[in-house]
Amino acid sequence: MTFRQALALPKNNMVLAGILLMLLGDFMFALNDAMGKWLVESFSVGQVLFIRSIGAFIILGPMIVRQGLGPLTNVERPGLQVLRVVLATADTAFFYAAVAYLPLADVMTFYMAGPIYIAALSHFFLGEKVGWRRWLAIVIGFCGVVIALRPSTASLSWPSLFAVVGSMSFAISLILSRKLRATNDTTLVTWQTVGALIMGGILAASDWQPANAIDWSAMLLLGVVACAAHLLITRALKLAPASVLAPLQYTLLIWAVVMGIAFFGDYPDAQILIGSAIIVIAGLFIFHRQKVVDKAEPETVPTSVH
């Protein structure tokens, strides 16, 4: 279905199409995460990051040719563009570093706190008014993060901190995306992918492992899957209101649990389940209040390529 065909559909059908695309995009992101976890068990984060960035250009290449090189070089606010690329690259690198040691559901729990970080940071970085109800939800959401983090000397781990730092980088990069909303998606994703390619090359230089054809193909496919997931969600946001689609992102957590059990035998413990439940409830309330107080915007839905 092309975008023009979608616009010709009745409004209800457009919303339904957007919901289906959002669900498919979330599934693709979860598949990307599971593939990434499998690969970083055998290869360095840098090597996976480098090859999957090359794979992303299988999809990005034709899009760049279609739009031309002009939009890539003539960008608004270059300083913020560079900062966004750095943070988006850190988000991806820290995510892979975390899933190399932690179950998918654990890492995804920290990333599901993204809307909570965004709500808090938007007050300071974007000057958006955040009422007391949302501040209360933000505090409760942070409590969920603390519960999931297990902040004791016996259980607090570097991989957990990687996940928290990665999720915060993710949130700030999304805020910057809102400030750079005049830049089209192809340009944003292209420079984000270039940043990951450079960082992956630097990290992989000292720890490059030989791989067979299946491994190379899997790393390239990882980039294709991640890029396709991003494009699916971007298209979904053009067809349905963000306020309808936003809660659907939490299906990522469900897929993380399912794939973690199915592929890696990882069962989430009670502390992770309690923490994730608190985070989800707080996030859904923030979405609800944003819909009531402001008109929800597409950028409020986290869409990142891990």
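Guide: Contact here means heavy atoms within 4.5 Å. One more thing before we start: this is a predicted model.

Visitor: Fine. Which residues of H3 and H11 meet, then?

Guide: On the H3 side, Gln-47, Val-48, Ile-51, Arg-52, Ile-54, Gly-55, Ala-56, Ile-58, Ile-59, Leu-60 and Met-63 are in contact with H11. Their partners in H11 are Trp-216, Met-219, Leu-220, Leu-222, Gly-223, Val-224, Ala-226, Cys-227, Ala-228 and Leu-231. By class, that contact has 17 nonpolar, three polar and one charged residues.

Visitor: Which of the classes does Gly belong to?

Guide: Gly counts as polar, and Gly-55 of H3 and Gly-223 of H11 both take part in this contact.

Visitor: Why are H3 and H11 called oblique to each other?

Guide: Look at the angle: H3 and H11 (residues 213-239) pack at about 50°, with their axes 7 Å apart. Roughly parallel needs an angle under 35 degrees, and roughly perpendicular runs from 65 to 115. The value fits neither range, so H3 and H11 count as oblique. As for the hand, H3 passes H11 in a right-handed crossing.

Visitor: And what makes H3 and H10 roughly antiparallel?

Guide: Same approach. The axes of H3 (residues 45-67) and H10 (residues 185-204) cross at roughly 155° and come within 8 Å. Angles over 145 count as roughly antiparallel, so H3 and H10 are put in that class. The crossing of H3 and H10 is left-handed. The residues of this contact divide into 15 nonpolar, 10 polar and one charged.

Visitor: Why is H6 described as largely enclosed by the rest of the structure?

Guide: A residue is buried when its relative accessible area is under 20%. In H6 (residues 104-111), eight of the eight residues are buried, so the helix is largely enclosed. They are Leu-104, Ala-105, Asp-106, Val-107, Met-108, Thr-109, Phe-110 and Tyr-111. Asp counts as charged, and Asp-106 is buried along with its neighbours.

Visitor: How much of the protein chain is made up of buried residues?

Guide: They make up 51% of its 306 residues. The accessible surface comes to about 13900 Å², and 70% of that belongs to carbon and sulfur atoms.

Visitor: What makes this a chain of helices?

Guide: Just the tally: 14 helices and zero strands. Read along the sequence, you get α after α.

Visitor: And how far apart in sequence are the residues that contacts join?

Guide: Take contacts between residues at least 6 apart in sequence: 90% of them join residues at least 24 apart.

Key:
Residues numbered from 1 in each chain as written. Predicted model: local features only at pLDDT ≥ 70, side-chain atom pairs only at ≥ 80, totals over all residues. Heavy atoms only, no water. Axes fitted to C-alpha atoms, helices over the stretch in contact; angles between N-to-C directions. Helix = DSSP H or I, 4+ residues; strand = E, 2+ residues; numbered from the N terminus. Left-handed = near helix turned anticlockwise from the far one by under 90°. Buried < 20%, exposed > 50% of the residue type's maximum accessible area, 1.4 Å probe, protein only. Areas by Shrake-Rupley, 256 points an atom, 1.4 Å probe, with all protein chains shown as cover.
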